[in-house]
Amino acid sequence: MSEHEHEEHQINRRGLLRWIINVVVGGIGAVLAVIVGGAVGSPSFRKERSRWLPAGRILGLQPEQPQPVTLRVVRKEGYYEAVDHEVVFLIRGAGDKVTAMSSVCTHLGCHVSWDPQGRVFRCPCHGGVYDITGKVIAGPPPRPLATYSTRIDPDNHEVFVEL
Ligand code: FES
């Protein structure tokens, strides 16, 4: 084999090697794109949509008397499913409007309770006090109690809370 033929042979081998490496790397990239793309596009990766949860009938609520109800919240992460319980206060106002208010204090997350004598929500941890609309009237909480949207089923008067 002449010097020239030997060089040409070397170049062809390098070109073939480069081609094989490109095919292998490209293949790995394509497989990864399918796996990652599929996972990101899967339902578990998408932001969970809000849910309307049944919270009892409006007829059981006394006007202007916050009523604690425990909502069963199912959270799914991939194949894992967890059930949480969330306490919200339902407050029946004028015109059968129902407000759903979080029971979680905005200071450090303790649970408030309704004081029917003082007509305020009290936090047992650091003395936070909220009025019936959730506004802070005493103590360290930085924000009002959170509220959630509600709707009432016209057929059976069931209250639904959007979490
Ligand atoms: S956690 Fe409620 S006042 Fe601190």
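A salt bridge, as I use the term here, is a side-chain nitrogen of Lys or Arg within 4 Å of a carboxyl oxygen of Asp or Glu. Keep that in mind, because the model we are looking at is a predicted one, and by this rule the count comes to five salt bridges. I will go through three of the pairs, after a word on the overall layout.

The protein has one helix and eleven strands. Reading from the N terminus, the order is α-β-β-β-β-β-β-β-β-β-β-β. There are 163 residues, and 25% of them are buried. On contacts: take the pairs of residues at least 6 apart in sequence, and 44% of those contacts join residues at least 24 apart. The exposed area is about 11100 Å², with carbon and sulfur atoms supplying 58% of it.

Now the salt bridges. Which residues does Arg75 share a network with? The network links Arg75, Asp84 and Glu86. Between Arg75 and Asp84, the side chains meet with an N to O distance of 2.6 Å. Between Arg75 and Glu86, the closest N and O atoms are 3.6 Å apart. Arg75 sits in strand β2, residues 67–77, and Glu86 in strand β3, residues 80–92, so this pair ties together parts that are eleven residues apart in sequence.

Are the ends of the Arg75 and Asp84 pair buried or exposed? Neither word fits: Arg75 is partly exposed, at a relative accessible area of 28%, and Asp84 is partly exposed as well, at 30%.

The next pair is Glu81 with Lys76, where the closest N and O atoms are 4.0 Å apart. That value is to be read against the cut-off, which asks for a nitrogen within 4 Å of the oxygen. Glu81 has 47% relative accessibility and counts as partly exposed. Lys76, at a relative accessible area of 51%, is exposed; the boundary for that class is over 50%.

Last, the helix. Helix α1 covers residues 3–41, and Trp19 is in it. Trp19 is exposed, with a relative accessible area of 54%. What does Trp19 form together with Ile20 and Val23? The three make a nonpolar surface patch of about 310 Å². Patch members need over 30% relative accessible area, so Trp19, at 54%, meets that condition.

To recap: a network of salt bridges links Arg75, Asp84 and Glu86, Glu81 is paired with Lys76, and Trp19, Ile20 and Val23 make a nonpolar patch on the surface. That is what I have.

Definitions and conventions. Residues numbered from 1 in each chain as written. Predicted model: local features only at pLDDT ≥ 70, side-chain atom pairs only at ≥ 80, totals over all residues. Heavy atoms only, no water. Patch = residues over 30% accessible without salt bridge, like charges linked within 9 Å, V, L, I, M, F, W, Y side chains within 5 Å. Areas by Shrake-Rupley, 256 points an atom, 1.4 Å probe, with all protein chains shown as cover. Helix = DSSP H or I, 4+ residues; strand = E, 2+ residues; numbered from the N terminus. Buried < 20%, exposed > 50% of the residue type's maximum accessible area, 1.4 Å probe, protein only. Contact = heavy atoms within 4.5 Å.
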